[in-house]
Amino acid sequence: MADIAWLMRRLKAMSIPEVAWRLSQKQIQKSEEKRFRSNKCSVVNELFDKKLEGSSLDADKMYLNLENRQYSLETSIPLLGDYDYERFKKAWSAGFQTENEWPDIFSYFLEYKQRDDIGDARTNWELNRHFQFALLAKDYYVTGDKKYLNELTMLFEDWNQKNPFLWGISWTSVMEVAIRCSNWCYTYCFLAKSNDAPEGILTQLQTGILNMTAYIESHYSRYSSANNHLIVEAYAIGQSGVLSGNRKWIELAVSILTREFSLQNYSDGINKELSLHYQSFYMEAVGLLMRILLKNGISVPESWYKWLSRLSEYLATCIGKHGEVIEFGDNDEGKILDLCGGFNHYQYVLGLMTCLLDRRYTDVSQCCENLRWLFTEDERTATGKKSRYIPKKSTCYKEGGNTILRSEDERILIGIDHAALGFGSIAAHGHADALSFQMYVDGQSAFVDPGTYLYHCDIENRNAFRRTENHNTVCVDGKDQSEMLGAFLWGKRAECELIDYTESLDCVEVKACHNGYSPVLHTRTYTFNGRDELIVSDEITAKTGIVVNFILAPDMDVALAENEAHISAENINIMMKIHCEEECNLMVVDKPYSPKYGIYEASKCISVKTVTSKLEVKIKIRRDSYEYQEPKGTDNC
C-alpha cells in the first residue's frame with residue numbers, strides 16, 4: 001500500500017501546476033462521491049450529463065468491413081498469467097494471485113497498489129477491459145447464432161449489476177475505462193449491424209459509452225501521468241466523438257494527440273517511455289483513431305503521418321527475420337482491440353500502419369483478424385503495391401538511445417541500450433539496464449532481458465526485474481544504476497551518453513557510458529563483425545568490485561572451463577571468452593525471468609565477478625554443430 005514516504009516522493013516529482021490540477025481533480029471527485037457513493041447506479045441506466053441527451057451512436061461511422069468472411073469464433077479471451085477464462089469470466093473482482101477479491105467500495109477510496117493480500121490489479125483489469133464483449137458481438141454478427149448473443153447478454157448484465165459506476169476495482173483507472181469504452185463501441189457496432197439484436201442492450205451500451213466518455217473527458221491524465229494513458233484516453237474520447245457526432249470530443253482528442261507526438265517521442269522514432277511494447281500500444285491507439293477519422297472524411301494533421309512513419313520504422317527494425325523482437329523496459333501485453341482472442345501485437349500494429357501510411361512494414365495478406373474487420377480486402381491488397389521498409393543491417397538511434405544490429409545473413413539480431421531511463425519525472429516503465437544488450441540467434445533467444453513479471457503486488461519481485469544485477473550489463477559494488485522509489489517511480493537516475501558510433505566494411509562499433517555509479521563512470525564498447533562475433537569491452541574509471549552478467553534463455557545449457565563458457569541449445573553453439581587483467585570468478589547462477597506478464601521462471605546467468613577497471617568478453621556464434629571439448633591452457637581469469 002502507499003505510505004507517507006512514497007506520497008512525499010511522488011509529490012516531489014510533480015510541478016506546481018500539476019499539484020494544482022490534482023487538487024482540482026479532488027474537487028471533481030468529491031462532487032462525484034456525493035452523487036454516486038450513496039446512490040449506487042449502473043453506468044448503463046441513465047445519462048449522467050443531461051447535455052448529452054439527444055446524442056446517439058451511428059454504427060455505420062465505425063466503417064467495419066462487414067463483408068469479411070475470414071473470421072474465428074472464439075468465445076474466450078487470454079488472461080494475463082494464463083489464468084483459466086472459463087473459471088474467471090464472471091469473477092470481475094478476482095484477486096487472481098490470491099483467493100481474495102477486491103472490495104466493493106467506492107473506487108476513489110480503493111487502494112490497489114501493492115496489494116499482496118489481494119493480487120495484481122493489472123491482471124484483474126484485463127478481464128474488465130471487455131475484449132470478450134466485442135468478440136461475442138462479432139460472433140453473433142457473423143453467425144446469427146443466439147448462443148453468442150445469450151453469452152454476451154449474460155456477461156453484460158452480470159457486469160453491470162456487480163460494477164456500479166465508480167464502485168470497485170474496474171473503476172480505479174481512467175485508462176481502463178477508456179479501453180472498456182472502446183470495446184463497448186465495437187460491441188455496439190457489431191450488434192447494431194446484426195439481425196434481431198435486442199434494442200434494450202443497444203440502448204444500454206450507448207448510454208454506457210456516452211457516460212464513460214464524459215467521465216474520461218473530465219479525468220484524462222495530465223502532467224507526470226500523461227504517458228501512454230493519456231494517448232489511450234484521447235483515442236477513446238475521439239472514437240466516441242466520431243460515432244456520436246460530438247465535434248467537441250473529436251477536436252479535443254485530435255488536439256491532445258497532435259501535441260503529444262513531440263512530447264512523448266524522440267524525433268528518430270523511439271517512444272520516450274523506452275519500452276517497445278508501450279510504443280506499439282501508443283501506436284495502436286493513434287492508428288485506430290486515425291482510421292476512423294479518415295473513413296469519415298475528417299482530416300488528420302499532416303504531422304501524424306510523419307511521426308507514425310518514424311515510430312513504425314523503429315518498431316519494424318526491432319523485429320528479426322524469424323519474428324524475434326528486441327524489447328527493453330516494461331511489457332504488460334496491453335492492447336485495445338482483440339477480435340480473435342489473442343495475436344502478435346507488434347505484427348498487428350505494423351499491419352495497421354501499413355494500411356494507413358505509404359510504406360509497407362509487414363505483409364498483411366495473412367494478417368491478424370482485427371485488420372480484416374478494419375480494412376476491406378481491396379484496401380489490404382493495395383498495400384502490396386507500397387514500397388517495403390527494409391531495416392538496415394545496423395541502425396543507431398542516437399537520440400532515442402538504442403542500437404539494433406543484424407548479421408549479414410540475418411541469423412543474428414542484437415539490441416543495445418544506451419538510452420535514458422524512461423519518460424518524464426517518474427520514468428515509470430524504465431529499468432535500470434543502461435548499456436545492456438540482447439541477442440537472438442536463428443530466431444531463438446540467446447542473451448535475454450529478464451522481462452516484467454508483475455506491476456501491483458510482490459514489490460520485491462517488481463523491483464528485482466528492474467534491478468541492474470538482473471540485466472546484461474555491469475553492476476558495480478552491488479548497486480543499482482538508478483534509484484527505485486516505488487513500483488513506477490524513480491529518483492536519482494543514470495544518464496547515458498553515446499560516445500561514438502562507427503560503421504566500416506569490417507565491423508560496427510558502439511561506445512557509450514553512463515554515470516549511474518558516480519563518481520565512478522562505466523564505459524562499454526560493443527564491436528560486431530557483422531557475421532558471428534560480438535566483443536563487449538567494459539571500462540570502469542576506478543578499480544573496483546564489479547559483476548558482469550550475461551543472462552541466458554531458459555533452454556540454454558552452459559559449460560564452464562577456466563576463462564571460457566560454452567553455451568548451447570538446439571542448433572545454437574556460442575563460445576564466450578573472458579579477458580581480464582585481474583583474477584576473476586566465472587560462475588553460473590540463477591536469475592529471475594518472465595517470458596510473459598505474470599509468469600515467473602528461473603534462467604541461467606553467466607556471472608563474471610572481479611575487482612578490475614577493464615574487462616573484455618568475446619562472444620563467438622558457431623556456425624557448425626560440434627562436440628564441446630575442454631579448452632587447453634590457462635588464462636589469468
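## The E6–E7 hairpin

In this predicted model, strands E6 and E7 form a hairpin in which two residues lie between them, and Asp442, in the turn, has a positive phi of about 50°. The two strands run antiparallel and are joined by three bridges. One of the pairings sets Val441 against Gln444, its bridge partner in E7.

## The sheet around the hairpin

The hairpin belongs to an open sheet of five strands, which follow one another in the order E3-E4-E5-E6-E7 with antiparallel pairing. Strand E3 (394-397) and strand E7 (444-447) stand at the edges and have a single partner strand each, so one side of each is left without a neighbour in the sheet. Averaged over the sheet and with direction ignored, neighbouring strands are turned by 15° against each other. Strands of a sheet pair through backbone hydrogen bonds, in either a parallel or an antiparallel manner.

At the E3 edge, the pairing with strand E4 (residues 402-406) is antiparallel and extends over four bridges. Within this part of the sheet, Cys396 stands opposite Thr403 in E4.

## The second largest pocket

The second largest pocket holds about 1000 Å³ of space. Its lining is made up of 37 residues, and those that lie nearest the centre are Glu327, Asn331, Glu333, Pro595 and Lys596. Helix H13 (345-356), strand E6 (437-441) and E7 are the elements that give two or more residues to this lining, and E6 and E7 are also the two strands of the hairpin described above.

By residue class, the lining of the second largest pocket divides into 16 nonpolar, 14 polar and seven charged residues.

## Cysteines and disulfides

A disulfide is a covalent bond between the sulfur atoms of two cysteines. With a pair of cysteine sulfur atoms required to lie within 2.5 Å, the count for this model comes to zero disulfides. Why does Cys475 have no such bond? The closest cysteine sulfur to that of Cys475 belongs to Cys605 and is 11 Å away, which is too far for a bond. Cys475 counts as buried, because its relative accessibility is 4%, where buried means under 20%.

For Cys507, the closest cysteine sulfur is in Cys396, at 14 Å, and this too is too far for a bond. Cys396 is the residue that stands opposite Thr403 in E4. At 24% relative accessibility, Cys507 counts as partly exposed.

Notes. Residues numbered from 1 in each chain as written. Predicted model: local features only at pLDDT ≥ 70, side-chain atom pairs only at ≥ 80, totals over all residues. Heavy atoms only, no water. Pairing = 2+ DSSP bridges. Axes fitted to C-alpha atoms, helices over the stretch in contact; angles between N-to-C directions. 1 Å grid on protein atoms, 1.4 Å probe; cavity = no way out; pocket = protein on both sides within 12 Å on 5 of 7 lines; lining within 4 Å. Points joined across faces, edges and corners; volume = space filled by probe spheres on them. Nonpolar A, V, L, I, M, F, W, Y, C, P; charged D, E, K, R; others polar. Buried < 20%, exposed > 50% of the residue type's maximum accessible area, 1.4 Å probe, protein only.
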